[in-house]
Each structure stands twice: as structure tokens, then as C-alpha cells.
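These are my notebook entries on one chain. I set out to record its overall build, then its helices, a strand and some single residues.

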Amino acid sequence: MMSPIIIAGCGPGHGDYLTTAVRNAVADAEVLVGARHLLELFPEVKATRLTVGADIPAVLVEMEKHRDQQMVVLVSGDSGLFSLARRVQQHFGREHCQVIPGISSVQVACTRLGIDWNDLRIISAHGRAPAATVDELRHWHKIAILAGTRAATMWAADLLDQLGEDYRAMVCENLTLTEEKIHQCDAATLRQASLASRTIIMLLHQEVTL
């Protein structure tokens, strides 16, 4: 019987935010699959490495060749939040995968800002155009946008304009890393900003106290 494919949430980027469960799984891996920056979190592990790039279908095909080995797929943040985990589960079958949760950058952003996130709307604009409308989002006082691309930044700026003066943007870049930066922006500043690829833009109503 083949071992399950382990999908491991690797947190927001810094090694201190890796869980013991993830470290233990990686230590036993024969094959490690993940983006280059995630593979670099484990320089000591002597496993075959498959680097994930833009061509996800090609990586899935390559994974099939190693299906008889213990494979660990590294995903950013939490494995259940806009993650590669879904593509792996769809391809190999959920029953053949074991998922280890991780700490998401959204969690870190909320703790840095000192707000809870039980009433937070999370939207991914990273590599996709969100379907959410401004009329829908007006009902939320806390909105987290997973950004990191120019298109995502522009989408967030347009949304902030439409939401009006009752909202402000808190931009969280490179959370947990040495380059971490958190700053407030208006829509015009957002449009001119060159933000890191690891960015969360929090749109917060004025009633949300920081």
C-alpha cells in the first residue's frame, strides 16, 4: 500500500513559524515538492526535490513518477487557504492525501494589527480577478486581500475608492521576514506602490480599532 501524500502548511515564510508536525513529516520525506523559497526552509533534508513553478499540471505529472516514495508537498501559509493542496487532492484523490495545517499570513496580519478575525472576509486576488462586488463587501468591516501582484494592488485600490472614506488600507508586506513592513495607505498611494510579492492588504472600516 502506498503512503499518503502529505501536504504540509509551511506558514508565512520564516522558519520559526513551522510547526513540529511539519518538521517531523519533512524529516521522513523521500521526495519534497514545493516552491523554491519553501524548499530552502529545509536545507538539511536529503530528499529528492521537485520545484513548483507556474506550470502546476507538469508538477503533478512529475509527482506521479515518485508515487511509490514518501512524498511531502510544501504549501505556503495554511494548507486550507487558497492553497496548492486543492490541486493535489483533486489530482490524486483526497483519500490518498494527509493534510497538516499551518499558520497563515492572514493570522499573522491580524495579530500584528491587534484585531480578531472571526468576522474577517478573506479574498484572494493573487493570480485571479475576484468575483466579489463592492455591494457585497460593504457588509464587511474587515477585508483581507491576498495580493502580491500589480493587478491585485490595483484591484484593492479601486475597491478602497468604492468603499469610500469609512475604510482605510493597512498594507502588510513580507510578514515574519526581516523585510516585514506594515503601513497605512490611501487609494492613490496604493496605485503608486510597488509592493512585495508576499503582501496582504487589509481594508478596515473606521469602526475597527487598531
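**Entry 1. The whole chain**

I began by counting elements, and the chain holds 8 helices and 10 strands. I note at once that this is a predicted model.

I then looked up the overall dimensions. The C-alpha atoms fill a box of roughly 60 × 30 × 30 Å along the principal axes. The radius of gyration is 18 Å, which agrees with the value near 17 Å for a compact globule of 210 residues.

Next I asked what share of the residues is buried. Of the 210 residues, 50% are buried. The chain exposes about 10,600 Å², and carbon and sulfur atoms supply 49% of that area. I also looked at contacts with a separation of 6 or more, and residues 24 or more positions apart account for 65% of them.

**Entry 2. Strand β1**

I turned to β1 and asked how many of its residues are buried. The count is 5 of 5, so I recorded the strand as mostly covered. I5, I7 and G9 point one way from β1, while I6 and A8 point the other way, and all are buried.

I then looked up the pairing of β1. The strand pairs with β5 in the parallel sense over 4 bridges, and I6 has Q98 of β5 as its bridge partner. β1 also runs parallel to β4, to which 4 bridges join it. For that pair I noted I7, whose bridge partner in β4 is V73.

**Entry 3. Helix α1**

In helix α1, residues 20–27, I found V22, A25 and V26 to be the buried residues. Seen down the axis of α1, they fall within an arc of 95°, so they line one face of the helix. I added the general rule for reference: an α-helix has 3.6 residues a turn, so residues three or four places apart point the same way. On the other side of α1, I found T20 and A27 exposed.

Which elements cover the buried residues of α1? I listed β1 (5–9), β2 (31–34), β4 (71–75) and β5 (97–100) among them.

**Entry 4. Helix α3**

I repeated the search for helix α3, residues 56–64, where I56, V59, L60 and M63 are the buried residues. They cover an arc of only 100° around the axis, which puts them on the same side of α3. Their cover includes β1, β2, β3 (48–51), β4 and α4. I noted that β1 is thus listed in the cover of α3 and also in that of α1.

**Entry 5. Helix α7**

Helix α7, residues 150–163, has 14 residues. I looked up its span from first C-alpha to last, which is 20 Å, close to the 20 Å expected at 1.5 Å a residue.

The buried residues I recorded in α7 are A152, T153, A156, A157, L159, L160 and L163. They cover an arc of only 165° around the axis, which puts them on the same side of α7. I then asked what the buried residues of α7 pack against. The elements are α6 (134–137), β7 (142–146), β8 (167–173), β9 (181–185), α8 (187–192) and β10 (199–205).

I took T153 of α7 as a single case. T153 is buried, with a relative accessible area of 4%. Leaving aside its neighbours within four places in sequence, I found T153 in contact with L190, L195 and I201.

Just after α7, I noted that G164 takes a positive phi of about 90°.

**Entry 6. Positive phi outside glycine**

I closed with two residues other than glycine. F82 has a positive phi of about 45°, and I located F82 in the loop between β4 and α4 (85–92). N174 has a positive phi near 50°, and its place is in the loop between β8 and β9.

Is each of these residues buried, partly exposed or exposed? F82 has 44% relative accessibility, and because this lies between the cut-offs of 20% and 50%, I entered F82 as partly exposed. N174 has a relative accessible area of 15%, which is under 20%, so I entered N174 as buried.

Note on methods
Residues numbered from 1 in each chain as written. Predicted model: local features only at pLDDT ≥ 70, side-chain atom pairs only at ≥ 80, totals over all residues. Heavy atoms only, no water. Expected span 1.5 Å × (residues − 1). Buried < 20%, exposed > 50% of the residue type's maximum accessible area, 1.4 Å probe, protein only. Arc of directions from axis to C-beta. Contact = heavy atoms within 4.5 Å. Rg over C-alpha atoms; globule rule 2.2 N^0.38 Å. Areas by Shrake-Rupley, 256 points an atom, 1.4 Å probe, with all protein chains shown as cover. Pairing = 2+ DSSP bridges.
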